[in-house]
Amino acid sequence: QVQLVESGGGLVQAGASLRLSCAASGRSFSSYTMGWFRQAPGKEREFVGVIKWSGDSTYYADSVKGRFSISRDNAKNTVYLQMNNLKPEDTAVYYCAAAQRSWIPRTYAYWGQGTQVTVSS
């Protein structure tokens, strides 16, 4: 069982940066591939990016490539989403999710509760 808690969301202006964190509790965090997703009002949840359990591979949606980056600290059981040059269309609730030793996962077994990111123009 893995519990995920996101933090770091907030209200920023376009062009600003934010770093989201996702803290995991439970055993074997280092064996989980961690994904980030987002859901804007009235829209379906969409994939943002993913990092392999080892931390040596990442993959991003085209909409965020070059602006967002994912990293992880397995010693701290935490995964990060660094978001730069934020745009109003990045406004959404951001979720982290965990999938055990899968690359690239099609499904995720565990999800956080989400953190709101709002980007004003």
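Where does A99 sit? A99 is in strand β9. I'll come back to that strand several times. One caution before going on: this is a predicted model.

Let's stay with A99 for a moment. Is A99 buried or exposed? Its relative accessibility is 4%, so A99 counts as buried. Leave aside neighbours within four places in sequence. A99 is then in contact with S31, Y32 and T33, and also with P105, T107 and Y108. Look at A109 as well. A99 and A109 are 10 residues apart in sequence, and their C-alpha atoms are 5.6 Å apart in space.

Now the disulfide. How many does a search of the whole structure find? It finds 1. C22 is joined to C96, with the sulfurs 2.0 Å apart. These are distant parts of the chain: C22 belongs to strand β3 and C96 to strand β9, 74 residues apart. The torsion about the S-S bond is about 60°, so this disulfide is right-handed. Both ends are shut away. C22 has 0% relative accessibility and counts as buried. C96 is buried too, with a relative accessible area of 0%.

Next, the nonpolar cores. The largest one has 30 residues. Which residues have the most contacts inside it? They are L4, M34, W36, L81, M83 and Y94. Several strands feed this core. At least two residues each come from β3, β4, β5, β7, β8, β9 and β11. For orientation, β4 runs 32–39, β7 runs 68–73 and β11 runs 115–120. Another core, of 5 residues, lies apart from it. V50, A97, A99 and Y108 are among its members. So A99 turns up again, as part of that second core.

Take L81 as a closer look at the first core. Again, skip anything up to four places away in sequence. L81 touches L18, R19 and L20, then W36 and V48. It also touches F68, S69, I70 and Y94.

On to the aromatics. The structure holds 6 aromatic pairs. I'll show two. In the first, F37 and F47 have ring centres 5.7 Å apart and planes at 75°, so the pair is edge-to-face. F37 is in strand β4 and F47 in strand β5, 10 residues apart. Their exposure differs in class. F37 is buried, at 10% relative accessible area. F47 is partly exposed, at 25%.

F37 has a second partner. F37 and Y108 are also edge-to-face, 5.1 Å centre to centre with 85° between the planes. Here F37 in β4 meets Y108 in the loop between β9 and β10, 71 residues along the chain. Y108 has 11% relative accessibility, so it counts as buried. Step back and the ring pairs form a cluster: F37, F47, Y59, Y108 and W111 are linked.

W111 has a charge over it as well. The charged end of R45 sits over the W111 ring, 3.9 Å from its centre. There is another such case at W53. K52 lies over the face of W53, at 5.1 Å from the ring centre.

Now T91. This residue is in the loop between β8, 78–83, and β9, 92–100. T91 has 18% relative accessibility, so it counts as buried; the cut-off is under 20%. What does its side chain reach at 2.9 Å? It reaches the backbone nitrogen of V119. A polar atom of the T91 side chain also lies 2.9 Å from the backbone oxygen of P88. Beyond four places in sequence, T91 touches A40, Q116, V117, T118 and V119.

Last, the backbone. Most residues other than glycine have a negative phi, and most peptide bonds are trans. Three places here go the other way. The peptide bond from W103 to I104 is cis, with omega near -10°. I104 is in the loop between β9 and β10. N77 has a positive phi, near 55°. N77 is in the loop between β7 and β8, and at 22% relative accessibility it counts as partly exposed. N85 also has a positive phi, near 50°. N85 lies in the loop between β8 and β9. At 40% relative accessibility, N85 is partly exposed.

That's the tour. Questions, please.

Methods: Residues are numbered from 1 along each chain as its sequence is written. This is a predicted model: local features need pLDDT of at least 70, side-chain atom pairs count only at pLDDT 80 or more; totals for chains, interfaces and linings use all residues. Side-chain values use heavy atoms; hydrogens and water are left out. Helices (H or I, at least four residues) and strands (E, at least two) are DSSP runs, numbered from the N terminus. Buried means under 20% relative accessible area, exposed over 50%, partly exposed in between (1.4 Å probe, protein chains only). A polar contact is a pair of N or O atoms within 3.5 Å; within protein, one must be able to donate a hydrogen and the other to accept it, and residues adjacent in sequence count only if both atoms are side-chain atoms. Contact means heavy atoms within 4.5 Å. A nonpolar core is a set of buried Ala, Val, Leu, Ile, Met, Phe, Trp, Tyr and Cys residues joined through side-chain atoms within 4.5 Å. A disulfide is a pair of cysteine sulfur atoms within 2.5 Å. Rings of Phe, Tyr and Trp (its six-membered ring) pair if their centres lie within 6.5 Å; planes under 30 degrees apart count as stacked, over 60 as edge-to-face and the rest as tilted. A charge sits over a ring if NZ of Lys or CZ of Arg is within 6 Å of the ring centre and within 35 degrees of the ring normal.
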